[in-house]
Amino acid sequence: MRIYLWQWLVVSGIFGTVLFMVACGNNGSPTPGPVSACDLTDIPYNPQPYTIVKPAHFPEIFIPADNPMTVEGVQLGRRLFYDPILSGDSTQSCSSCHLPHGSFTDNKDVSVGIDGIAGRRSAMSLLNVAYVRNSATSDGLFWDGRSKSLEAQALKPVEDPIEMHNTWPNALAKIRESEDYKTRFRKAFGITACEDISQELAAKAIAQFERILISSGNSKFDQYLAGDNFALDDEELDGKLMFFDEGLSNGLQLPDAECFHCHGGLTLTGNQFFNNGIDSAGLLTDFKDLGRGEVTLNEWDNGKFRAPTLRNIAMSAPYMHDGRFVSLDEVLGHYIAGGKPRPNKDPFIHPLGFPMQQGTQTVYTGFTPYHKQALLKFLHALTDSTFVNNPDIQNPF
Amino acid sequence: MKQLGLILFSMLLITLSSCKDKTTETPVSDYTLTFKATYNGQPLEKYKYYDYSDYKVRFSRFNTYISDVILLKGTEEVKLSDVEWVDFTPDDATNNLALEVPLQFQATEGTYTGIKIGFGVRPDLNAKRPSDFPANHPLAKETEYWLGWKSYIFSKVEGQGDSNADGNDDIFLLYHCGSDAVYRSYTFNQPIVVAPGSGNSVEMDLKKLFTINNQWYDLRIPTNQYTSNNPADVTVATVLMDNLVNAVSVK
């Protein structure tokens, strides 16, 4: 077939006009309606469901219906968690205060934000944080339980003046400049334009990442629970029996340590709020940090805090909401003595030992250094180094 | 011809009987059972000292599992619920008054002869573990399970007391009852009306719970202060779960 020049000109002319129109459309001038400065629809959106790996004996994890777990979401959340881009001066990320080797704490008594100002509380471990108040309805995050969900919580540190001290509009502007983040937000959430990158989506991605921070099941305690009767040695086993108030060890009565009543369940956090007697308070208004009372506004809740997980506790010193105890030995010293007097002390905080009647009073006797040692060894048997070394949760940068 | 008549007649019967079914079908109504915690008939107040024998006690936690709530009509049984968790002292309460816990059911309207309530977790369900249930199920609560008994903690009553009025609590009341051996189901024989907006209250009175054979349960005796630290020993749990029948009233 022969093509004449005029035919060629006509065809290429039409083609050129079409090309021109398309290009103009892209430039946005003639097309009506709202126009995006950056269109992301060319990037494929095909999210893959993410299945959280958890030990078989662990309970089901509650996933909110509006934030299903995806591979892309978790990967994005991991980057946001480790990226200082979210803080006011780009020096601090979530991971500045929640570091893997501290079981996602910073090993400081209280955390210090970007301006060098010390907060009033100690960073909390994020191990098994997906199980904190594992349901749709109840609140529970933070030492005082003031935050209802990981999604809601993740919004807070960014704007907290003594943490990352930024504004979300400012943080989002920086994120929207990054080609990598634009692509990742599109792949995780199917947004069509840069402007759709929002603080809510950032929080959702971070929450997805936090939900994978689950025990590996390799601690000695987990191996024991999974059926390996020899995973705990005799001392650790006695410690476990005391921790869970299970009493008899080879026919020998052990004193109750009462720990599991508050640090209960497989994740060893009951998700409840107690006063564990670390401060003496004559009046309910005497507590320096009102804790739960700030949330419920019931003064009988003053000085109550959430009993946090004891998993990996040997890695997350110092201890308590204000990091007052530097070692587990000090913590046990506190519990053995039975705590300080205050009106709303929890009845499980009493001197450890066997209760005996002395006159009309009940006294506790017979808690020996061996008992303390056994408890301490059990707390160390909760260490899960596989978790802190898990490559999937390390800094991706 | 005879056969045809028979067929027509039976068709008529069927039609009639189905009509009858439709017209007399009794309607179903909401029925609310409201659980209330009391001390000596008054709403229970957390942390408040109550006179007890010649000393003082106060309570800080009270919750219980309920299984197999069943309405009775002679020998007929209408099951309202499998298992529920009733928490009178939740962490998010804004004051110290025990919470009233309403449980909503649906039942055919009418007057029943009684109601049966299981206190604790029914044995077949108690054989399971929290990890067997979806996160929002009442039996998914890890804190309400004790590996020592391999059982749910059927009820928790916690508190303290001051034996000698010196202002210091020296009595720690730690009653956690559990294990199949102490599951109790009690029948309350009294007319129960199910009609639009109907309901009853179930009062659980702690003073009555600790009044055993008309005697104060002596809370100054250490072995009476806690359920036990030996999973095999359910003596105190048995005393309390047995006495629930006297401590609970349906009104």
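1. Let's start with one pair of side chains: B:D68 and B:K79 make a polar contact through their side chains, at 3.2 Å. Keep in mind that this is a predicted model, with no experiment behind the number quoted here.

2. Where does B:D68 sit in chain B? You'll find B:D68 in strand 4, which covers residues 55-73. As for cover, B:D68 has a relative accessibility of 16%, and buried means under 20%, so B:D68 counts as buried.

3. B:K79 has company around that aspartate. Leaving out residues up to four places away in sequence, B:D68 also touches B:S81, B:D82, B:K116, B:I117, B:G118, B:R122 and B:Y183.

4. Now zoom out to the whole of chain B. How many helices and strands does chain B have? The count is four helices and 15 strands. The radius of gyration of chain B is 23 Å, well over the 18 Å from the globule rule for 251 residues, so chain B is more spread out than a compact globule. Have a look along the principal axes, too: the C-alpha trace spans about 100 × 35 × 35 Å.

5. On packing, buried residues make up 53% of the 251 in chain B. Among contacts with a separation of 6 or more, 73% join residues 24 or more positions apart.

6. Last, the surface and the charges. Chain B exposes about 11,600 Å², with carbon and sulfur atoms supplying 54% of that area. Chain B carries 23 positive and 31 negative charges, and the mean positions of the two sets are 6 Å apart.

Methods. Residues numbered from 1 in each chain as written. Chains lettered and ligands numbered in written order. Predicted model: local features only at pLDDT ≥ 70, side-chain atom pairs only at ≥ 80, totals over all residues. Heavy atoms only, no water. Helix = DSSP H or I, 4+ residues; strand = E, 2+ residues; numbered from the N terminus. Rg over C-alpha atoms; globule rule 2.2 N^0.38 Å. Buried < 20%, exposed > 50% of the residue type's maximum accessible area, 1.4 Å probe, protein only. Contact = heavy atoms within 4.5 Å. Areas by Shrake-Rupley, 256 points an atom, 1.4 Å probe, with all protein chains shown as cover. Lys, Arg positive; Asp, Glu negative; His and termini not counted. Charge placed at Lys NZ, Arg CZ, Asp CG, Glu CD. Polar contact = N/O pair within 3.5 Å; in protein donor to acceptor, adjacent residues only side chain to side chain.
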